[in-house]
Amino acid sequence: MALTFPPIYLLKFHLERDSEELHRLEEAIHVVWDIREAKLVLGIVKSKSRATLELRKLGLDTEEVVKVQKHGAEGGQAKARDPHSNKRRKIDSITVDEKEVKRPVSSPGSTIQPSGETIKVLSLAWYTDSINAGKLLPVDDYLVYEGRVKSASLPTRSNPTVLSAKVEPRRQVKIPSPTQRHSRHGSRKFGQQSGHSSSQPAKLIHETTSEDEAHSKLPPVPEYLHTQYSCQRPTPLHCPNEGFISELRVIKQARTLRGDQIGIRAYSAAVAAVASYPYSLTSAYEINRLPGCGDKMAKLWQDWKDFGHVKEADEIRSDPDMQVLNLFWNIHGVGEVSAREFFNNGWRSLDDIVEHGWDNISRDQQIGVKYYDEFLQRIPREEVESISNVVLDRANQIRDGFQMVVCGGYRRGKPDSGDVDVVLSHPDENATHRFLVDLLDLLENDEYITHKLNVSTKNSDRGQNTLNWKGSMPRGKGGFDTLDHAFLVWQDPNWPSKAEDLTCDPDTKNPNVHRRVDIIISPWKTAGCAVVGWSGGTMFERDLRRYCKEKLGLKFDSSGLRRQGDGEWVDLEEGDGDLLDKEKRVFGGLGLEWREPTERCTD
């Protein structure tokens, strides 16, 4: 009888030297790619210091759990120091309503609670000995290290909820068998000149005979990775190389904040390619085979393999100027340009903005400052579903028959989200005309909306007629995507003790967290494009637009498809079915293989 093991994450230390053995173990153990999903971590590690280093590679900063005698002065386990304790800012007393955002007058204190999660690293021998014994052995004799995560709690997942338009369950990405091998001259990187093999080693790598033999045993680059367009590839939420990708994301973010457009594109392409690669990387040579991953990415990977981190990413994380830019960039309504402007104004904190620039920033930015901490709190899947159900319920109170798809990170399978994105449509196109105004009125009357950040009814203003586009047409502010939409600040007006609290004190404040909610209203004829446009990762959406332009001569956005030549609207969605049927017709009409939303995680 086969043993049932708990979810296991496999450390790659030492196993990288033998890619065949590494892939065999990954397949045999049925490892999870996200360490947050693992109950146990296995590896060829013998020391606590090595275990902590390997965990740090994966973005987990831990401190050892030290067990003391019960009669000791402290008793139980040693408590972790709170590394996040910080002084509260002056923004706490800002009052915000629909018309004005007032300055603060005081600054009370608060702290962020540390995580209490622990993680156990065991010797790989526990797995092999359990197999030989025919039962799961106690872990104590194999325990190398047990630590408590200092930087963040380990989030858990919840199952997705279907809202009206059925969202199909997650599909496993088909991964080529690791037993398939090829000659190192058997594949070519997409876009290279003929006669120049993609398997040629990076110039920075010195080849030895043993390394050359190891390269011949590498798994083949999947066929879907021979394209430069990430919209043609399956990119799952979790992959075997997440630790390295997290370092690339740090560098990509720095390029964004510095306004380095070339760097942003380069690192975005590299992240998307590595995230789509279904094997654990074992050498710089191996990453060099992937599209968008040349010598630079190979060198960064070698640093990560040798030292457990990337020097450039470490320098970015420790750079005080970059920390300030990130602080500003995380304010709702502030992009990289505004973040640099704030920095160049001499501001270094949110208090500086309030004291020295309050009258010069936009209302959206003022609201972003006021609710800075709340907007940064991630929204669990259960709460995303609750908010979405409220929107759909109110929509169908106004006019029965509305369908909704919850998009964004939720649809891509993330355990939590930064905001809630929903696309609403109705088979009767008259139902969506001017509908947004009625929906917002009802939600406001029910006290769910505290602030309207941006509301547009441009699509209804033009009678929901598809708008032709010309390549030479000047672009207005906000781009060409002109679906009716409302970007809102949302707060659930209900809490368990509300009646009792208001009886005791009529001025009791609502304790629920303010959330960001985006409601998109699409006419039925282009609703499939709206769902596609609001579901993919950033790089997926960029590459989709680029693919349409370069390969098909079309312009794609959430409001539909148009020909580049004459600007005429192109209808790919005609036919029966629901919103998901329309979404699939868009993929088919564009000549793209259907990708589940959970396969569009390019960022």
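At what angle do the axes of helix α5 and helix α10 cross?

**View 1. Helix α5 meets helix α10 in this predicted model.** The two axes cross at roughly 80 degrees and come within 11 Å. That crossing makes α5 roughly perpendicular to α10, since angles of 65 to 115 degrees fall in that class. On the α5 side (residues 242-258), the contact is made by Q253, A254, T256, L257 and R258. Helix α10 (residues 320-329) brings M322, L325, N326 and W329 to the contact. Taken together, the contact residues divide into five nonpolar, three polar and one charged. Both values are quoted here because two packed helices are described by the angle between their axes and the distance between the axes.

**View 2. Cysteines without a disulfide partner.** If you're hunting for disulfides, the count is zero. Take C529: the closest cysteine sulfur belongs to C548, and the two sulfurs sit 8.5 Å apart. That's too far for a bond, because a disulfide needs the pair within 2.5 Å. C529 is also buried, with a relative accessible area of 3%. Another cysteine, C239, counts as buried too, at 4% relative accessibility.

**View 3. E447, a loop residue with positive phi.** E447 isn't a glycine, yet its phi is positive, at about 70 degrees. Look for E447 in the loop between α18 (435-445) and β10 (449-456).

**View 4. Q464, a buried residue with positive phi.** Here phi is about 60 degrees, again positive in a residue that is not a glycine. Q464 lies in the loop that runs between α19 (458-461) and β11 (484-490). Is this loop residue buried or exposed? Q464 counts as buried, because its relative accessibility of 5% is under the 20% cut-off.

**View 5. Two stretches to take with a pinch of salt.** Mean pLDDT for the protein is 82, with 78% of its residues at 70 or more. Over residues 105-115, though, the pLDDT is below 50. This stretch still has 21 contacts in the model beyond near neighbours in sequence. The pLDDT is also below 50 over residues 151-205, a stretch with 132 contacts in the model beyond near neighbours in sequence. Where pLDDT is low, the predicted coordinates should not be read in detail.

Methods
Residues are numbered from 1 along each chain as its sequence is written. This is a predicted model: local features need pLDDT of at least 70, side-chain atom pairs count only at pLDDT 80 or more; totals for chains, interfaces and linings use all residues. Side-chain values use heavy atoms; hydrogens and water are left out. Buried means under 20% relative accessible area, exposed over 50%, partly exposed in between (1.4 Å probe, protein chains only). Axes are lines fitted to C-alpha atoms, for helices over the stretch in contact, and angles run from 0 to 180 degrees between N-to-C directions. Helices (H or I, at least four residues) and strands (E, at least two) are DSSP runs, numbered from the N terminus. Angles under 35 degrees count as roughly parallel, over 145 as roughly antiparallel, 65 to 115 as roughly perpendicular and the rest as oblique. Contact means heavy atoms within 4.5 Å. Ala, Val, Leu, Ile, Met, Phe, Trp, Tyr, Cys and Pro count as nonpolar, Asp, Glu, Lys and Arg as charged, and the others, Gly among them, as polar. pLDDT is the predictor's confidence in each residue, from 0 to 100.
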